[in-house]
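Here is a friendly walk through the side-chain contacts of one protein. Have the sequence and the 3D view open as you read.

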Amino acid sequence: MNKWMAVLLAGLMAAIVVSGCKANSTPHSNLPEAAELIERISEAGKELKSFSIEEDVYQIIVDRVSNTASTEQIVDTLTISDIIKEPFQMHVSSDTKLPTEDMSMEMEQYVTKDAIYMKLGSEWMKMNEELRVKVMPSMEEEGYPWRQLEPYQSVQDVLEVSEEGEHYVIRAKLNESQLIKFTESYRNQTNFRGEPLTDNYSDLKIRKANIVYTVHKDTYYPVEISLSTDMDVTLASGSTFSIESESRSKYSNYNGIKEISIPKEALAAK
């Protein structure tokens, strides 16, 4: 959501992430409780220095132009990322498909603590500082995938934990009353810096927030995360959007990325 959306114009495209493995589920008397498992996942995340993600996000975004008019846009984005958490570095390749072919877009990015370089078509450019400052917190959130579980701690009693082969799986499918509690928790979220995540929103209504979060049993590192969400968002600017999103993220290459080299032509971009 931001955390979930890769961009929603500094908050409108979601990051967001991934479907759990459907291995045969086996009952296990020693299954951890959801709260305990979330704590283990969070602790394990501190040892996760680098990793790769493949994300597929399908969104239906409806812009409520007025009470009687709206425009709908379908956005399907496949993103492959390599991330080093400290000092923060990121390489991103994305392919975004829009309803009309001439509006589809391929993009490559290199992100550091101080700069974001983007390649659209054959040209490299450097993101202006004002926009970089806005999007950087959501970029850095990609390094903390376990934080996607945090708003679900308000509804821990309905989280289901199962053991599926080599994995633990946390599932949540929230009803109307649970969504009310979840929405309040989501509103109060902060990023890893302690800054509000929903600062750009003046109103937020969540109709669906289902998650399947799969981790390795031995390391508690994320394997796949899937999110199915449906919400209305009103930005501080007054614009209102309905955003229905299905996302799947697959994680790999744990602690295997030692360096991300930025091409000279990107560094030379203005």
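The report below covers charged pairs, one helix and the aromatic rings of this predicted model.

## Salt bridges

Across the whole structure, the search turns up 13 salt bridges. A good one to begin with joins Glu140 and Lys113, whose side chains meet at 2.9 Å, N to O. This pair links distant parts of the chain, with the two positions 27 residues apart in the numbering sense of being 27 residues apart. Glu140 belongs to helix H2 (residues 129-141), while Lys113 sits in the loop between strand E5 (105-112) and strand E6 (116-120). The two partners also differ in their surroundings: Glu140 is buried, at a relative accessible area of 2%, whereas Lys113 is partly exposed, at 35%.

Another bridge to look up is the one between Glu164 and Arg171, where the closest N and O atoms are 2.9 Å apart. Here Glu164 is buried, with a relative accessible area of 5%. Arg171 has 23% relative accessibility and therefore counts as partly exposed.

## A charged network

Arg147 and Glu141 form a salt bridge as well, with 3.0 Å between their closest N and O atoms. Both residues are buried, Arg147 and Glu141 alike. Which residues are joined into one network by salt bridges that share partners? They are Glu141, Arg147 and Glu150.

## Helix H1

Helix H1 spans residues 34-45, which makes 12 residues. From its first C-alpha to its last the helix reaches 16 Å, close to the 16 Å expected at 1.5 Å a residue.

Which residues of H1 are buried? The list is Ala34, Leu37, Ile38, Ile41, Ala44 and Gly45. Seen down the axis of H1, these buried residues fall within an arc of 125°, so they line one face of the helix. The spacing has a simple background: an α-helix has 3.6 residues a turn, so residues three or four places apart point the same way.

## Aromatic pairs

Now for the rings. A pair of aromatic rings is described by the distance of the centres and the angle of the planes. The count for this structure comes to 7 aromatic pairs. One of them is formed by Phe51 and Tyr251, a tilted pair with 5.9 Å centre to centre and 50° between the planes. Phe51 lies in strand E2 (residues 50-63) and Tyr251 in strand E12 (residues 240-252), so this pair ties together parts that are 200 residues apart in sequence. Phe51 has 0% relative accessibility and counts as buried; Tyr251 is buried too, with a relative accessible area of 7%.

Tyr110 and Trp124 have ring centres 5.7 Å apart and planes at 40°, so this pair is tilted. It links distant parts of the chain, 14 residues apart: Tyr110 is in strand E5 and Trp124 in strand E7 (residues 123-126). Is Tyr110 buried or exposed? Tyr110 is buried, at a relative accessible area of 8%, and Trp124 is buried at 13%.

## A cluster and a charge over a ring

Two further spots are worth finding in the 3D view. Tyr152, Phe182 and Tyr186 make up one aromatic cluster. Elsewhere in your tour, look for Lys85 and Tyr144: the charged end of Lys85 sits over the ring of Tyr144, 5.0 Å from the ring centre.

Technical notes. Residues numbered from 1 in each chain as written. Predicted model: local features only at pLDDT ≥ 70, side-chain atom pairs only at ≥ 80, totals over all residues. Heavy atoms only, no water. Salt bridge = Lys/Arg side-chain N within 4 Å of Asp/Glu carboxyl O. Helix = DSSP H or I, 4+ residues; strand = E, 2+ residues; numbered from the N terminus. Buried < 20%, exposed > 50% of the residue type's maximum accessible area, 1.4 Å probe, protein only. Expected span 1.5 Å × (residues − 1). Arc of directions from axis to C-beta. Phe/Tyr/Trp six-rings, centres within 6.5 Å; stacked < 30°, edge-to-face > 60°. Lys NZ or Arg CZ within 6 Å of the ring centre and 35° of its normal.
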